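Trainee: I've just opened this one and I'm new to it. Could you walk me through it, starting with what I should be careful about?

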Amino acid sequence: MPAYVATHSTIYGDTGGRTDSWLSGTVTDSGDEIWTLGETLTDGGAFVVIPPGTYAGTVTVNGKEFPVFLNGSNDYTVLYDNATDHAQGLLDYADFAAIDAALNTADFTACFLTGTAVATPTGDVAVETLSIGDTVLNADGAEVAVKWIGRQTVKTLFKPAERVAPVRFAAGSLGEGMPVSDLTVTADHGMLVDGVICHAGALVNGTTITRVPMEEMGESYTVYHVETEAHEIILANGAPAETFIDNVSRRVFDNYAEFEALYGDVPEMDELPYPRAMSARQVPAHIARLLGESKVA
């Protein structure tokens, strides 16, 4: 991975704009000018990283990559050259807020992974090929227009929060032949099961509904949310799944600027009138029995 090395400038670390300077000094690494994953940031003792961290990868701001170090508490430090990057306006607090959002996945919500087949009037299409204005079918067979497709790149190096971790439903795991093929969604994605919107993570049973190991996902993966004018239930690989509901921020998505340019501030959505089970203990007993008892509390 590319690394950021400065040998004649003051280097600063910043965490989401919360602290002006976490460290300063002349940065070199092990001599090859490339950090490797897990390498501790040192330069022979000229400065101290507060808190200590190991190299975890990079984030890109305004077209330039910056190294990120994570400590044992999963706090991160982003390095930049104060003499050039900050002075030229490349980095400011707004940029660090964007970095914070990119690394903190706590606000993720209902998302499909690449390849999910969404029902439309002309047949199933992959979610990543949908565009604004396309028409999808809701669970009642009505045609609804796509308002926006949100995209978010999840970096596995940054230890994604559990709610954005992928959950895989094996074909038929939701009963009545649903889904028709294996379906992978984020753990907070709501699936409609017997009149209850159940978050995918709450339904994990360790056999037919499982968490996907991060090592299967590579260095990153992309998730997609489908937003319609109202909160809807649509069909994903033949299974009823919710569209985006704005009880969390759209700002976590890579293309949020597109939404803002198109729509600006919008009224809050009304959530569909279904009960919601966000954890395994909230899943009604008859659904748990139907799908297999969850092994996740």
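Mentor: Start with residues 1-26, where the pLDDT (the predictor's confidence in each residue, from 0 to 100) stays under 50. The model has 102 contacts for that stretch beyond four places in sequence, a contact being heavy atoms within 4.5 Å. Over residues 43-52 the pLDDT is also below 50, and this stretch has 19 contacts beyond near neighbours in sequence. Where pLDDT is low, the predicted coordinates should not be read in detail.

Trainee: And what does the chain average for pLDDT?

Mentor: The protein chain averages 77, and 61% of the residues score at least 70. This is a predicted model, in which local features need pLDDT of at least 70 and side-chain atom pairs count only at pLDDT 80 or more, while totals for chains, interfaces and linings use all residues. Residues are numbered from 1 along each chain as its sequence is written, and side-chain values use heavy atoms, with hydrogens and water left out.

Trainee: OK, salt bridges next: how many are there?

Mentor: The count comes to six salt bridges, each being a side-chain nitrogen of Lys or Arg within 4 Å of a carboxyl oxygen of Asp or Glu. One of them joins the side chains of Lys147 and Glu229, at 3.6 Å from N to O. Lys147 lies in strand E9 and Glu229 in the loop between strands E15 and E16, so this pair ties together parts that are 82 residues apart in sequence. Helices (H or I, at least four residues) and strands (E, at least two) are DSSP runs, numbered from the N terminus.

Trainee: Are Lys147 and Glu229 buried or exposed?

Mentor: Lys147 is buried, with a relative accessible area of 11%, whereas Glu229 is exposed at 60%. Buried means under 20% relative accessible area, exposed over 50%, and partly exposed in between, with a 1.4 Å probe and protein chains only.

Trainee: Which residues are linked in a network of salt bridges?

Mentor: Glu227, Asp246 and Arg250 are linked in that way. Within this network, the side chains of Glu227 and Arg250 meet at 2.8 Å, N to O. Glu227 is buried with a relative accessible area of 0%, and Arg250 is buried as well, at 11%.

Trainee: What about Glu242, which side chain does it meet?

Mentor: The side chain of Glu242 meets that of Arg276 in a salt bridge of 2.8 Å, N to O. Because Glu242 lies in strand E17 and Arg276 in strand E18, the pair ties together parts that are 34 residues apart in sequence.

Trainee: Switching topic, which strands pair with E13?

Mentor: Four bridges join E12 to E13, running antiparallel, and two bridges join E13 to E18, running parallel; strands pair if DSSP finds at least two bridges between them. Gly190 stands opposite His199 in E13, while Ile197 stands opposite Arg276 in E18. E12 and E13 form a hairpin with two residues between them, and Asp194 in the turn has a positive phi of about 50 degrees.

Trainee: Last one, where is Thr116 found?

Mentor: Thr116 is in the loop between strands E5 and E6, and at 3% relative accessibility it counts as buried. A polar atom of the Thr116 side chain lies 2.8 Å from the backbone oxygen of Leu113. Leaving aside neighbours within four places in sequence, Thr116 has contacts including Val125, Leu183 and Asn237.

Notes. A polar contact is a pair of N or O atoms within 3.5 Å; within protein, one must be able to donate a hydrogen and the other to accept it, and residues adjacent in sequence count only if both atoms are side-chain atoms.
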